[in-house]
Amino acid sequence: PEAPRVAPSPLEGFVRASSLVAIAGSRFGELGAALASGVWLGTWGARLELSARRPLAKLTAAHDFTLQLERYTAAVEPCARLSGAVELAVCGGPRLELLRGLAVGPSVPESDLVWLPGVDSGSWLRLPVSASWSLSAELQASWSLRRAQASVVPWGRVYELPRFGAGLLLG
């Protein structure tokens with residue numbers, strides 16, 4: 001006799017860890033990491049993504065003021081996908097970024113934090129390697145709804161972070 005078949009679950013979860021290479025506007029490159037977890041229900045799904053990144057070098061602002069930035073982002077996004085030998089998905093939705101600016105050299109205060117709400121979108125390809133492992137690549141774009149800038153007394157604004165960013169995630 002034939003073994004009984006188990007009906008596949010329509011709910012499918014995933015976890016993805018990625019290396020992140022990004023660019024802020026056209027001003028500087030960044031390196032970091034991202035972790036995403038989500039669920040698919042057929043063609044539709046959603047994901048939560050957390051990422052952290054830093055510029056490749058310290059940023060020199062007006063009046064030779066030097067900054068080191070750290071960026072932490074959380075995004076919750078609805079997604080749609082096309083499945084086949086290679087899976088294609090598109091996601092987009094709200095994001096919240098915590099930007100930490102550290103002054104290099106004497107400064108009071110030494111650092112500052114700002115929350116930047118925004119929107120994020122991405123399209124990714126996933127190539128299954130086995131039943132539980134796959135390779136993926138994603139292109140992302142983000143737009144901050146608020147401007148972030150560094151101001152120093154007595155000069156005023158010495159640096160403004162670009163509102164648009166783009167990234168490539170490989171995992």
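1. Strands in this note are DSSP runs of E, with at least two residues each, numbered from the N terminus. On that numbering, Gly171 belongs to the segment after strand 11. The model under discussion is a predicted one.

2. Gly171 has a relative accessible area of 33%, and is therefore partly exposed. Beyond residues up to four places away in sequence, Gly171 touches Ala17, Ser18, Ser134, Leu135 and Ser136. Arg126 lies 45 residues from Gly171 in sequence, while the C-alpha to C-alpha separation of the two is 9.3 Å.

3. Strand 11 itself comprises residues 164-170, and its side chains alternate. Gly165, Gly167 and Leu169 point to one face and are buried. Phe164, Ala166, Leu168 and Leu170 point to the other face and are not buried.

4. Two partners of strand 11 deserve comment. Strand 1 pairs with strand 11 in the antiparallel sense, over 6 bridges, and Leu20 stands opposite Leu169 of strand 11. Strand 8, residues 134-144, also pairs with strand 11 in the antiparallel sense, here over 7 bridges. Trp143 stands opposite Phe164 of strand 11.

5. Arg16 is located in strand 1, which covers residues 11-24. Is Arg16 buried or exposed? Its relative accessible area is 9%, so Arg16 is buried, the cut-off being under 20%. The side chain of Arg16 makes a polar contact of 3.4 Å with the side chain of Ser18, and a polar contact of 3.4 Å also links the side chains of Arg16 and Glu49. Not counting residues up to four places away in sequence, the residues touched by Arg16 are Ala34, Leu35, Ala36, Arg47, Glu49, Trp124, Ser136, Glu138 and Leu169. Leu169, in that list, is one of the buried side chains of strand 11.

6. A second arginine may be read alongside Arg16. Arg81 is part of strand 5, residues 66-82. Arg81 counts as buried because its relative accessibility is 9%. Which side chains make polar contacts with that of Arg81? The side chain of Glu12 does so at 3.2 Å, and that of Glu87 at 2.9 Å. With neighbours within four places in sequence left aside, Arg81 is in contact with Glu12, Trp40, Gly42, Thr43, Glu87, Leu88 and Ala89.

7. The nonpolar cores are considered next. In soluble globular proteins, nonpolar side chains tend to be buried together. The largest nonpolar core here has 17 residues, of which Phe28, Phe65, Leu99, Val158, Tyr159 and Leu161 touch the most other members. Two or more residues of this core come from each of strand 5, strand 6 (87-103), strand 7 (111-128), strand 9 (148-152) and strand 10 (156-161). A second core, separate from this one, has 6 residues, including Phe14, Trp40, Cys79 and Ala89. Trp40 and Ala89, named in this second core, are also among the residues in contact with Arg81.

8. Phe65, from the largest core, may be examined through its contacts. Outside residues up to four places away in sequence, Phe65 touches Leu59, Thr60, Ala103, Val152, Trp155 and Val158. Val158 is likewise listed among the core residues that touch the most other members.

9. How many cavities of 30 Å³ or more are there? The count is 1. The largest cavity has a volume of about 260 Å³. Its lining consists of 26 residues, and those closest to its centre are Arg53, Arg95, Asp120, Gln140 and Ser142. Strand 1, strand 3 (44-55), strand 5, strand 6, strand 8 and strand 11 each supply at least two residues of this lining. Strand 8 gives the most, with 5 residues.

10. The second largest pocket has a volume of about 350 Å³. Of its 18 lining residues, Phe14, Val15, Arg126, Ser132 and Ser134 are the closest to its centre. Strand 1, strand 7 and strand 8 each supply at least two residues of the lining, and strand 1 provides the largest share, 6 residues. Among the residues closest to the centre, Phe14 is also a member of the second nonpolar core. Ser134, also in the group closest to the centre, is touched by Gly171.

Note on methods: Residues numbered from 1 in each chain as written. Predicted model: local features only at pLDDT ≥ 70, side-chain atom pairs only at ≥ 80, totals over all residues. Heavy atoms only, no water. Helix = DSSP H or I, 4+ residues; strand = E, 2+ residues; numbered from the N terminus. Buried < 20%, exposed > 50% of the residue type's maximum accessible area, 1.4 Å probe, protein only. Polar contact = N/O pair within 3.5 Å; in protein donor to acceptor, adjacent residues only side chain to side chain. Contact = heavy atoms within 4.5 Å. Core = buried A, V, L, I, M, F, W, Y, C linked by side-chain atoms within 4.5 Å. Pairing = 2+ DSSP bridges. 1 Å grid on protein atoms, 1.4 Å probe; cavity = no way out; pocket = protein on both sides within 12 Å on 5 of 7 lines; lining within 4 Å. Points joined across faces, edges and corners; volume = space filled by probe spheres on them.
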